[in-house]
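Reader: I am new to this structure. Can we walk through how to read a few of its features?

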Amino acid sequence: DGVVVSEKVKSNNVDVKIPESELEAEEKGAEEERPRESDSNILDVSSDYPRDKHISIQRHLADLEKLADLREDEKKPCPLCPEEKFKACYSHKLHRHLQNLHWKVSVEFEGYRMCICHLSCRPVKPNLVGDQTVSKMGAHYHCIICSATIVRRTDMIGHINRHVNKGETESRFITVRAPKSSYAVVKESATDVQVLPNHSTPQKTDSYFNPKMKLNRQLIFCALAVLAGERKPIECLDAFGATGIMGLQWAKHLRSSVKVTINDCNENSVTMIKENCHLNKMKVKLNIKEEENDETVGDGEENSDTIEVTKMDANVIMHLRSFDFIHLDPFGTTVNYLDSAFRNVRNLGIVSLTSTDISSLYAKAQHVALRHYGCNIVRTEYYKELAARTVIAAVTRAAARCNKGIEVLLAVALEHFVLVVVRVLRGPTPADDSAKKVRYLIHCQWCEERVFQKEGNMVEENPYQQLPCDCHGSMPGKTAVLLGPLWSGALFNTGFLRRMLLEAVQYGLDEAQPLLKTLVCEAECTTLKHFSTHSPGDENKQEECGVYIKTPNTSAESYLVHGKRKSEEVLRGTAKRQRAEHSAEHPPFYYNIHRHSIKGMNMPKLNKFLNYLSEAGYRVSRTHFDPMGVRTNAPLVQFKTVLMKYSTPTYVGAQAEGPVHLPVEIQVGEEVPVAAEIKVEEAELAEDDTSEVAATVFTQSYPTGCAAD
């Protein structure tokens, strides 16, 4: 510790080291005072002296025994226990007490032992028992690094490990950053970032970096690249920077097309972001009032290699400044930042948000979903799409409060996150149109059929009539639940997804390309074999929200200059186009083929089943939400009918029992002409199977060369 010590002043809580120059003045009064008071509080050490360790933190057991000043002829109290818990005793008994009750249950760190302390250092809530509360619940540990007191030994071990992971390894009460040697450099998309050893553990590190979110970062980059092609330069914000990996990728690849701002409220994270900027040879423009001594780049020196780093709350920076592109990726839900995000986002800008509170969104914690999103959900076969529509409904309400509407460009729900990308449309009319698409969903708990509730405020006598199934009439009790409010509009924009795919190919983002192809097929509700990068009608230009967007074959006349208001003719044309394309939207939700399989029957391959449904006259595609999911506009009755028709019996003996009869609920399909054709074909197929079975039985009964009577 660097201080010459000749004697220690013993207290029940701290061991204050005193230099020799001040020792003589205190020796006279030391004889009159008792060397130990069991009920005293923690002594406040002056800031002039270095902060010392607590008396319960020692290197050896002998050092702990010295505190008690063991003598064979005198009774001594325990220095770590109050008198009402452990009375004064002789040296041999006190030695066993210190060894068994304090030393053996200690926590070791860098040669020191943090022994358990029973003194009244930690305040305990009063109880009816009174003084017994202190003796039973007052045990705790003192952290050697900080001033925390921890009750349980396992919690103390975890507390120390968190200090080590953050680089706070010196035995003092101040935060010490980790040395450079403890950093690990991670490379992703030609961008290097420094991370701490526990970078993948949230809430335990200042620089959270999750390698599993690489696909999420690539999708957001593609969305930003598409926006950068519409107008430039654009101001974009990474509200939760952590290591700054996302903002660095934006600035490194898009260069002068973007002006990147990386924000974080944690000081250590801001420091690491600046170091990562220098690691990638980027200049840093600071906007931190507290740090006046840091090197900054003036406003006149801004260039394509400059990144602005800010240290403030995400809500504050979004209230103070306007941006064209905002990305929100907090730990957990994003609902706390939606109001400020839509407050100053520019017209036709993009807001992307990543929600990682999948326990509530995936209906594992339904009460949390109700608290955060104001939405009632249950676990269904389409729970991932339900989660995406729940988030979009919250986004729609937040945008409507700011007189802004939204157009959903992309909605992805995978194992670890739910990503939603929306375009902002300014004005009360788009806000009203978006708010009307937030509706309730009627879900049948027996067959999992679902339908959005009809628009209007009038109460219906029998809401079960809206469901296509007949479970309410055939099953006892209430069979359906009301879920929502949910977003009932489209989840994808085909033109935007196609341009995202082009950007992914241009920048070599291999992981995002297969997912984007699936999303394009899902948006158009078509199979992968019919997929093409350029549709015939969109070779030259594509229109989104009344804005003509430049594609590789688009002329310069279709390029929109940023800042100009759309004319009334464009607005009217937009409304007509949206009404014309409304019928071409992909059908909501999907069916899991395993969930609706028939017992005792082998299902056809998924791709073949998609062809069968397409041949029956329905729109059909696969979905990224579920690898065995089928997105189709076919009712569940017809879905099961086609599945039954092309399923085969599991064992051969079942073929001799005659044709397979459809269940009662599947035979209710006279309204759809396709179902009638399927029934006729099935009857013919059954007759052929019966004749084959009869011929087989005849051959087995009468061998070759024998005639039947």
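Reader: What phi does glycine 508 take, just after α16?

Author: This is a predicted model. In it, glycine 508 takes a positive phi of about 70 degrees, just after α16.

Reader: How many residues has helix α16, and what does it reach from its first C-alpha to its last?

Author: Helix α16 covers residues 494-506, which is 13 residues. The reach is 19 Å, close to the 18 Å expected at 1.5 Å a residue.

Reader: Which residue caps the N-terminal end of α16?

Author: Asparagine 493 does. One of its side-chain oxygens lies 3.2 Å from the backbone nitrogen of glycine 495.

Reader: Which residues of α16 are buried?

Author: Start with the general idea. An α-helix has 3.6 residues a turn, so residues three or four places apart point the same way. Now the case here. Buried residues of α16 include Phe496, Met500, Glu503 and Ala504. Gly495, Leu497, Arg498, Arg499 and Leu501 are buried as well.

Reader: Now the strands. In what sense do β8 and β9 pair?

Author: Antiparallel, over five bridges. Strand β8 spans residues 184-188, and strand β9 spans residues 191-195. Take one bridge: alanine 184 has valine 195 in β9 as its partner.

Reader: How many residues lie between the strands of that hairpin?

Author: Two. Serine 189 in this hairpin takes a positive phi near 55 degrees.

Reader: And the whole chain: how many helices and strands has it?

Author: The chain has 21 helices and 27 strands. Of its 709 residues, 47% are buried. The chain exposes about 36,900 Å², and carbon and sulfur atoms supply 50% of that.

Notes
Residues are numbered from 1 along each chain as its sequence is written. This is a predicted model: local features need pLDDT of at least 70, side-chain atom pairs count only at pLDDT 80 or more; totals for chains, interfaces and linings use all residues. Side-chain values use heavy atoms; hydrogens and water are left out. Two strands pair if DSSP finds at least two bridges between them. Helices (H or I, at least four residues) and strands (E, at least two) are DSSP runs, numbered from the N terminus. The expected span of a helix is 1.5 Å times one less than its number of residues. Buried means under 20% relative accessible area, exposed over 50%, partly exposed in between (1.4 Å probe, protein chains only). A polar contact is a pair of N or O atoms within 3.5 Å; within protein, one must be able to donate a hydrogen and the other to accept it, and residues adjacent in sequence count only if both atoms are side-chain atoms. Accessible areas come from the Shrake-Rupley method with a 1.4 Å probe; for residues, only the protein chains shown count as cover.
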